[in-house]
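Subject: Structure handover

Hello,

Here is the structure I said I would pass on. Please look it over first; my notes on what was found follow below.

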Amino acid sequence: EDDGEGEDGEEGGGTMDVGGIRILPALTKVDMPSARPLEVALAVSDLMDFDPDSILKTSARTRIGIKELLDSICERVPPPEQLPDDNGDDVDNGTTTKDILRAK
């Protein structure tokens, strides 16, 4: 039973729901000399009640943890609903970025 709060218990990126929003904690810039990933992970885990080991450590510059972050997002975010095309018909071949931009 999900009470809407707490971790989902999955390794490498636990999540929790806060106010109906799913949170996937990730630290960025862990490659920087001044980074303190362990200290920050412990502080975030205390604040948000996460297992510090489930907080993803990432660096876009060195690509540390990026694959794991994207995999975690893809596992948790459902695919977009099908949007109508310009004629108002459902698109049978799936939603494209162009369709999403048009809808906005």
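**Salt bridges and the loop contacts**

In this predicted model, the side chains of Arg61 and Asp31 meet in a salt bridge, with 2.4 Å from N to O. This pair links distant parts of the chain, 30 residues apart: Arg61 sits in the loop between E4 and H2, and Asp31 in the loop between E3 and helix H1 (37-48). Arg61 is exposed, its relative accessible area being 63%. Asp31 has 21% relative accessibility and counts as partly exposed; the cut-off for buried is under 20%. The two side chains also register as a polar contact of 2.4 Å.

What else does Asp31 touch, not counting residues up to four places away in sequence? Besides Arg61, the list holds Ser59, Thr62 and Ile64. For Thr62, the C-alpha to C-alpha separation from Asp31 is 7.1 Å in space, against 31 residues in sequence.

Ser59 is found in the loop between E4 and H2. Is Ser59 buried or exposed? At 1% relative accessibility, Ser59 counts as buried. The side chain of Ser59 is joined to that of Thr62 by a polar contact of 3.0 Å. Leaving aside neighbours within four places in sequence, Ser59 is in contact with Lys29, Val30, Asp31, Ile64 and Ile66. Asp31 belongs to the loop between E3 and H1, and Ile66 is one of the buried residues of helix H2.

**Helix H2**

Helix H2 covers residues 66-76, and its buried residues are Ile66, Leu69 and Ser72. Why do they lie on the same side of H2? They cover an arc of only 130 degrees around the axis, and that puts them on the same side. The general background is that an α-helix has 3.6 residues a turn, so residues three or four places apart point the same way.

What do the buried residues of H2 pack against? They pack against two strands, E3 (26-27) and E4 (56-57). On the other side of H2, the exposed residues are Lys67, Cys74 and Glu75.

Two of these exposed residues take part in salt bridges, Lys67 and Glu75. The side chain of Lys67 meets that of Asp71 at 2.7 Å, N to O. Both of these residues lie in H2, four residues apart, about one turn of the helix. Lys67 counts as exposed at 57% relative accessibility, while Asp71 is partly exposed at 32%.

Glu75 forms a salt bridge with Arg76, and the closest N and O atoms of that pair are 3.5 Å apart. Glu75 is exposed, with a relative accessibility of 57%.

**Count**

How many salt bridges are there by the rule used here? The count comes to four. Among them are Arg61 with Asp31, Lys67 with Asp71 and Glu75 with Arg76.

If you want one place to start, try the loop between E4 and H2, which holds Ser59 and Arg61. From there, the salt bridge of Arg61 leads to Asp31, and the contacts of Ser59 lead to residues including Lys29 and Val30.

Regards

Note on methods. Residues numbered from 1 in each chain as written. Predicted model: local features only at pLDDT ≥ 70, side-chain atom pairs only at ≥ 80, totals over all residues. Heavy atoms only, no water. Buried < 20%, exposed > 50% of the residue type's maximum accessible area, 1.4 Å probe, protein only. Arc of directions from axis to C-beta. Contact = heavy atoms within 4.5 Å. Polar contact = N/O pair within 3.5 Å; in protein donor to acceptor, adjacent residues only side chain to side chain.
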